[in-house]
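User: I'd like to go through the reasoning behind a few structural labels. Could we take them one at a time?

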Amino acid sequence: LGSIELGANHGSDNFSFTGLTTGTYLRYELIISQLQFVGGGAKRLGLQMYNGSGNLLSTNGTYTWRTHFGASAGNGSGSDSEWQFLNNEDRNFWDCEIMWHDRPNSANSVHRPMMKGNFIGGNLVSWDEFQECTGISQTGDFISGVKIRNWQDGTNLAYGRATLYGYKYS
């Protein structure tokens, strides 16, 4: 559905994929590969959603997540104005896949949409995270886009690539 090549300096601390509708795709998957930051260094990365009306959801406490560390014992959780990947950890590069299911009949949904993220780090470390957004109503609403950003300090994104896939109904 779309791809972004970040280059040596993306010129911004964020990127978005918007204009998603309900009913065409069964599942969405965002893959981020080797995302880094201008000047190097470890930074924090997060995600915000756009609701069905196209509004960016950024109110404190809107996103709640749970983290499970796959290579080392430990779990985490949090709640804030965006999904803070890896429970607020910084990384010098980001490799991850984030997926969510479409709501083809959002008027009759019984739960808010959720996202799942798989994150890969160096030294055989991996994490799984699950996120729910209270800004998307339980019924009648859907995810129309996502925004990824360096929420730590505004340093521009660099290198890497991000691609959004949609799995069509057959």
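Analyst: Happy to; what follows covers strand pairing and the contacts of one loop residue. The model is predicted, so local features need pLDDT of at least 70 and side-chain atom pairs count only at pLDDT 80 or more, while totals for chains, interfaces and linings use all residues. Residues are numbered from 1 along each chain as its sequence is written, and side-chain values use heavy atoms, with hydrogens and water left out.

User: How do you know that strand S5 and strand S10 pair?

Analyst: Strands are DSSP runs of E with at least two residues, numbered from the N terminus. Two of them pair if DSSP finds at least two bridges between them. S5 (residues 63-69) and S10 (residues 125-133) share seven bridges and run antiparallel, so they meet that definition. Tyr63 stands opposite Cys133 in S10.

User: What makes S9 a partner of S10?

Analyst: Strand S9 (residues 114-121) is joined to S10 by eight antiparallel bridges. Here Gly117 stands opposite Glu129 in S10.

User: Why are S2 and S7 called edge strands?

Analyst: The open sheet has four strands in the order S2-S11-S4-S7, with antiparallel pairing. S2 (14-18) and S7 (83-84) each pair on one side only. Within this sheet, S4 (residues 46-50) and S11 (residues 145-149) are linked by five bridges, and Gln48 stands opposite Lys147 in S11.

User: What makes the link between Thr155 and Asp153 a polar contact?

Analyst: The term needs a pair of N or O atoms within 3.5 Å; within protein, one must be able to donate a hydrogen and the other to accept it, and residues adjacent in sequence count only if both atoms are side-chain atoms. The side chains of Thr155 and Asp153 are joined at 2.9 Å, so the distance fits the cut-off. Thr155 lies in the loop between S11 and strand S12 (157-158).
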